[in-house]
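User: Please take a close look at one part of this structure with me, and then show me how the rest fits around that part. I am a first-year student, so please explain your terms as you go.

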Amino acid sequence: MSRYQDLAEQTEKLIADGVLRAGDRLPSVRQACRTHKVSPITVTQAYYLLEGRGLIEARPKSGYFVRARLGRNLPEPDMTRPVGGSTQLEVSDFIFQILDSVRDPAIVPLGSSFPSPYLYPLAKLGRFLANAARRLDPLATVTDLPPGNEELRRQLALRYLAHGAPVSPQEIVVTSGAMEGLNLCLQAVTRPGDLIAIESPTFYAGLQASERLGLKVIEIPTHPREGVSLPALEDALRHHPVKACLLMLNFANPTGSLVPDEHRKDLIELLRRHDVPLIEDDVYAELYFGRQAPLCTKAVDADGLVMHVSSFSKCLAPGYRVGWVAAGRYAGRIQRLKLATSLATTVPVQIALADYLKHGGYENHLRQLRRKLAEQEVALIAAIERHFPPGTRLARPQGGYFVWLELPRQVDTLLLHQQALAHGISIAPGPIFSAKREFGHWLRLNFGHPDSERQQAAMATLGQLIARQL
């Protein structure tokens, strides 16, 4: 971490701990230089970074002051209370109908599941890809069949190791994106008619995959900040024949929740006692806003029960469609299923990504990406506070690029979706995140696109459309 980032993190902690409060004046640049023995440019960069995160503000001729925390007028939602019992899924047609609109670039993509592609080093990646294609060893078309390119799997294993998880490259199977990984994991541990546990709300792609495989689901309550309810999950495991859990522990889609480290350890112990595998959809783990990455679940998985699924689509290479599964005890099964379904993931792309991880400055890119997303979150939440009606609730995410909003109960977000589309705006209405189509007055918004006059106007229009339903 550079010196200005370290200074910014120290100041942010003082604000989070209440040592510095809203309205307090920060030390002048000259004072901060003397105190921390750094240069004026270091202090200035740190203050710019904090300003971008919405934590401080510059006042003309007065200096920098701690800003009142954005979102303070938006209370946090309560734990969800899904209707009990298992559900036979019939959601795909409904979801496709809702999501078809996000393909249109003329639509303001507040309902999109993707961040802006302009946040990623696509030109640099292209050079690595061109080089990989030019020097492709013909034998790689055979040697890089599942489990995948050896060097890419080694690079991934090194990243796991850096997060405290001794994952062997032999355990890693390269897939065509995280969605293929999730499908392979579900196929590895279930049969049609089996029951799996999911969060409520949950990412709709997991619902679609489960429906395609003929599975039933039981929805587990979640807290919008701390994720899945362990008591509720334990009760489900005790009373139902759950074959697997499909969960997002880091910056879940749609809630943005982050399961705390201690709860994560308790979750793995709970699943160990019941011998139930965890399929962890973890595509947002690199997009944390704090000083440290979340605890890697594989680091506390001594029994190989965790099938950790991730990809480069959200953190580095949208459109490249390269993901992986660190499959634990199920690695052999996953590898055979991969061979039997799609045979292999594109070889030159695997080679290019392996080279980029070694030589492309991945960590520097991630730091810039996290900083940009944190700034964009500030702008979106400021617009919510400005334009949305009293009674709106949200939990501030600690990473990712989604906010999950509870609107007043009179609001129908399916109707709001149709009205917003007529104004050239997409949203993700709450019912697409539930097997039973609950969350009728909730919606998910995406802050993965840079703030702009167009987006600000869209947020103002959304606020007006919501107000008309009250």
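Analyst: Let's begin with a term: a residue is buried when its relative accessible area is under 20%, exposed when the value is over 50%, and partly exposed in between, using a 1.4 Å probe and protein chains only. With 47% relative accessible area, D275 is partly exposed, and R329, at 44%, is partly exposed too. Please keep in mind that this is a predicted model, where local features need pLDDT of at least 70 and side-chain atom pairs count only at pLDDT 80 or more, while totals for chains, interfaces and linings use all residues. Residues are numbered from 1 along each chain as its sequence is written, and side-chain values use heavy atoms, with hydrogens and water left out.

Now to the pair itself. Side chains of opposite charge can pair when their charged atoms come close. A salt bridge here is a side-chain nitrogen of Lys or Arg within 4 Å of a carboxyl oxygen of Asp or Glu. R329 and D275 form such a bridge, with 3.4 Å between the closest N and O atoms. R329 sits in the loop between β11 (323-326) and α12 (331-341), and D275 in the loop between α11 (261-274) and β9 (278-281), so the bridge ties together parts that are 54 residues apart in sequence. There is also a network in which E234, D235, R238, E269, R272 and R273 are joined by salt bridges that share partners. Those α and β labels are DSSP runs numbered from the N terminus: helices are H or I runs of at least four residues, and strands are E runs of at least two.

Two other bridges help to set the scene. In one of them, R154 pairs with E151, and the closest N and O atoms are 2.9 Å apart. Both residues belong to helix α7 (residues 150-162), where being 3 residues apart places them about one helical turn from each other. R154 is partly exposed at 39%, and E151 is partly exposed at 21%. The other bridge joins E57 and R59, with 3.4 Å between the closest N and O atoms. E57 has a relative accessible area of 28% and R59 has 36%; E57 counts as partly exposed, and so does R59. By this rule, the count of salt bridges comes to 24.

What about charge over the protein chain? Counting Lys and Arg as positive and Asp and Glu as negative, without His or the chain ends, the chain has 54 positive and 47 negative side chains. The centres of these two sets lie 5 Å apart, with each charge placed at NZ of Lys, CZ of Arg, CG of Asp or CD of Glu.

Back to β11, which borders the loop that holds R329. The loop between β10 (306-311) and β11 holds R321, and P318 is found there as well. R321 has a positive phi of about 55 degrees although it is not a glycine, and R321 is partly exposed at 38%. P318 is partly exposed at 26%. Leaving aside residues up to four places away in sequence, P318 touches Y120, L122, F312 and S313, where a contact means heavy atoms within 4.5 Å. P318 and G177 are 141 residues apart along the chain, and their C-alpha atoms are separated by 9.8 Å.

On the other side of our bridge, α11 borders the loop of D275. The loop between β8 (242-247) and α11 contains P254, and the peptide bond from N253 to P254 is cis, with omega near 20 degrees. Another cis bond runs from S200 to P201, with omega near 5 degrees; P201 lies in the loop between β5 (195-200) and α9 (204-212).

Finally, step back to the whole chain. It has 16 helices and 15 strands, and 58% of its 470 residues count as buried. Of the contacts with a separation of 6 or more, 77% come from residues 24 or more positions apart. The C-alpha trace spans about 65 × 55 × 45 Å along its principal axes. A compact globule of 470 residues would have a radius of gyration near 23 Å, and the protein chain has 23 Å, which agrees; this radius is taken over C-alpha atoms, and the globule rule is 2.2 Å times the number of residues to the power 0.38.
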